[in-house]
Amino acid sequence: MDSLRRSSFALLFFLLFSFCVSSSAAKFNIPRLRTRPRTIQNEPILMSASESKDYKTFLYTQPLDHFNYRPDSYKTFQQRYLINFKYWDGANTSAPIFVLFGGEVSLDYERDINGFLPENAPHFKALLVYIEHRYYGKSVPFGSKEEAMKNASTLGYCNSAQAMADYAAVLLHIKQKYSAEKCPVIVIGASYGGMLASWFRLKYPHIALGALASSSPILYFDGVVDPQVGYYTIVTKDFKETSESCYETIRKSWGEIDEVGSRPNGLSILSKKFRTCNPLNSTSELKDYLDSLYTDAAQYDEPPKYPVSRVCGAIDGAEGTDTLDKIFAAVVTYMGNTSCYDMEEFGSPTSTYDMFTWQVCTELVFPIGHGHNDTMFPLAPFDLSSFSKTCEGLFGVQPKPHWVTTYYGGQDIKLTLHNFASNIIFSNGLRDPYSSGGVLKNISDSVVALNTVNGSHCLDILPAKESDPLWLIMQRKAEVEIIEGWLAKYHADLLEFEDETRARFQELE
């Protein structure tokens, strides 16, 4: 399996990068939908042992396929979920249930980095539930990750619709088990998990009263927004607004990397200059690494460190005039001063990475590319034809780039959701490149957009800090106030309904 994974990873990189490259680049990095950055020094601080004791782990026997009646669809797997009862006021008071939808990572990771649920549970007296996404963490069908990833037939059950059906089944089970049928459910998610939360509210309004979707690019599909002025345009904007000279240095560095790499022993020169752990085989390896570094810094450009400012400070403050020396100074500043730098740091072959590649290669087709010459990146537009051919070569299936908008909507979203949707918060930080695919304007009185000009990816659902700026505090406060309104109306409606039912029975007596 290890050798298969290594070969799959090599093809994966070709998949993710070759469909939108210029002639000078062999790969192109599609930024991951992670709540937190991939880089090692940014790994989250794990929850303390005392805090962990508040979470009880459960397993739910989940059917492999919710949507047909073939005999093999009745196979089952164990899905993991966590519950924190500490703050819950109980079913008798119809106290709410706050649910975190797991994304493309382990549930332990999701629990540890989320601050919104535990910080607001005391105020709402809420039950906290965390549900792991199928195929990730420990919720793996077919007995093992190796078997689950064996081929397209086993991977085919990994998609958003199946995941949301899983969530629905778990939540109905919890409500029944704890006699909490009248306890309103608020679903919460960040990044891909936020996409699931918003879609769940649309697909399962009888289960979820409302949804908070943080940094969820539900419009980055099927031409709903112009992909060529999307993600990388905002990355460029972030850097250019921080420092014009930094932006110019990065912009001209790509050509210099290619020029040096074309010389005799040029790749060796670049390997030494950038202190790579392994000798470079092409300039594209270095350029992909730098591409990922810049996008990582922009996507997670959060206070108080503000990584874009740190990167630009290193570039502008480097001694001398050599462009590549300036770029290397940025690498050292952002990644830390180490003996060598792994060019696969942002895309090492893990089962999680491979699994999400399957999802990107089937339904979550993000058409991200370098579409304009005014970005600080080489021109490299998204090429659906090449992307589709490579997906077919990797998995034996072709992407369905129109499926997300067919199944969940997206085209004319303001008119469509205005007619039937309610109780969804779309929160975005406008320095997050993925905000280019987010809902940035109110659709109705209850489907609202909460934007912060200086915010970054998923910042609002992370644990609060004393150093948090006022605009972030106010964004979180607004989210809480909106949810309070949903719950107040729910409880008023519930009381009115119970009074009407009681009166009807009295009339019959």
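Which residue takes a positive phi just after helix 7? Serine 179 does, with a phi of about 50°. The model is a predicted one, in which local features need pLDDT of at least 70 and side-chain atom pairs count only at pLDDT 80 or more, while totals for chains, interfaces and linings use all residues. Residues are numbered from 1 along each chain as its sequence is written, and side-chain values use heavy atoms, with hydrogens and water left out.

**Chain overview**

The chain has 19 helices and eight strands; these are DSSP runs numbered from the N terminus (helices: H or I, at least four residues; strands: E, at least two). Of its 509 residues, 57% count as buried. Buried stands for under 20% relative accessible area, exposed for over 50%, and partly exposed for the range in between (1.4 Å probe, protein chains only). The accessible surface comes to about 21,100 Å², and 54% of this belongs to carbon and sulfur atoms. Areas are from the Shrake-Rupley method with a 1.4 Å probe; for residues, only the protein chains shown count as cover. Among contacts (heavy atoms within 4.5 Å) between residues at least 6 apart in sequence, 74% join residues at least 24 apart.

**Helix 7**

Helix 7 covers residues 160–177, which is 18 residues. From its first C-alpha to its last it reaches 26 Å, close to the 26 Å expected at 1.5 Å a residue; the expected span is 1.5 Å times one less than the number of residues. Because 14 of its 18 residues are buried, helix 7 is largely enclosed by the rest of the structure. At its start, a side-chain oxygen of asparagine 159 comes to within 3.2 Å of the backbone nitrogen of alanine 161.

**Salt bridges**

Side chains of opposite charge can pair when their charged atoms come close. A salt bridge here is a side-chain nitrogen of Lys or Arg within 4 Å of a carboxyl oxygen of Asp or Glu. By this rule the count comes to 18 salt bridges. Three of them are listed below.

| Pair | Closest N and O atoms |
|---|---|
| Lysine 182 and glutamate 498 | 3.2 Å |
| Aspartate 325 and lysine 273 | 2.8 Å |
| Arginine 476 and aspartate 468 | 2.7 Å |

Lysine 182 forms its salt bridge with glutamate 498. This pair links distant parts of the chain, 316 residues apart: lysine 182 is in the loop between helix 7 and strand 5 (185–190), and glutamate 498 is in helix 19 (residues 470–508). Lysine 182 is partly exposed at a relative accessible area of 44%, and glutamate 498 is partly exposed at 26%.

Aspartate 325 pairs with lysine 273. Aspartate 325 lies in helix 14 (residues 323–335) and lysine 273 in helix 11 (residues 266–273), so the salt bridge ties together parts that are 52 residues apart in sequence. Both partners are partly exposed, aspartate 325 with a relative accessible area of 35% and lysine 273 with 26%.

In the pair of arginine 476 and aspartate 468, arginine 476 is buried at 11% relative accessible area, and aspartate 468 is buried at 11%. Elsewhere, salt bridges that share partners join Lys237, Asp238, Glu241, Asp301 and Arg431 into one network.

**Nonpolar patch**

Leu470, Ile473 and Met474 form a nonpolar surface patch, with about 290 Å² of accessible area together. Patches are made of residues with over 30% relative accessible area and no salt bridge, like charges being joined within 9 Å and nonpolar side chains (Val, Leu, Ile, Met, Phe, Trp, Tyr) within 5 Å. Isoleucine 473 lies in helix 19 and is partly exposed, with a relative accessible area of 41%.

Technical notes
A polar contact is a pair of N or O atoms within 3.5 Å; within protein, one must be able to donate a hydrogen and the other to accept it, and residues adjacent in sequence count only if both atoms are side-chain atoms.
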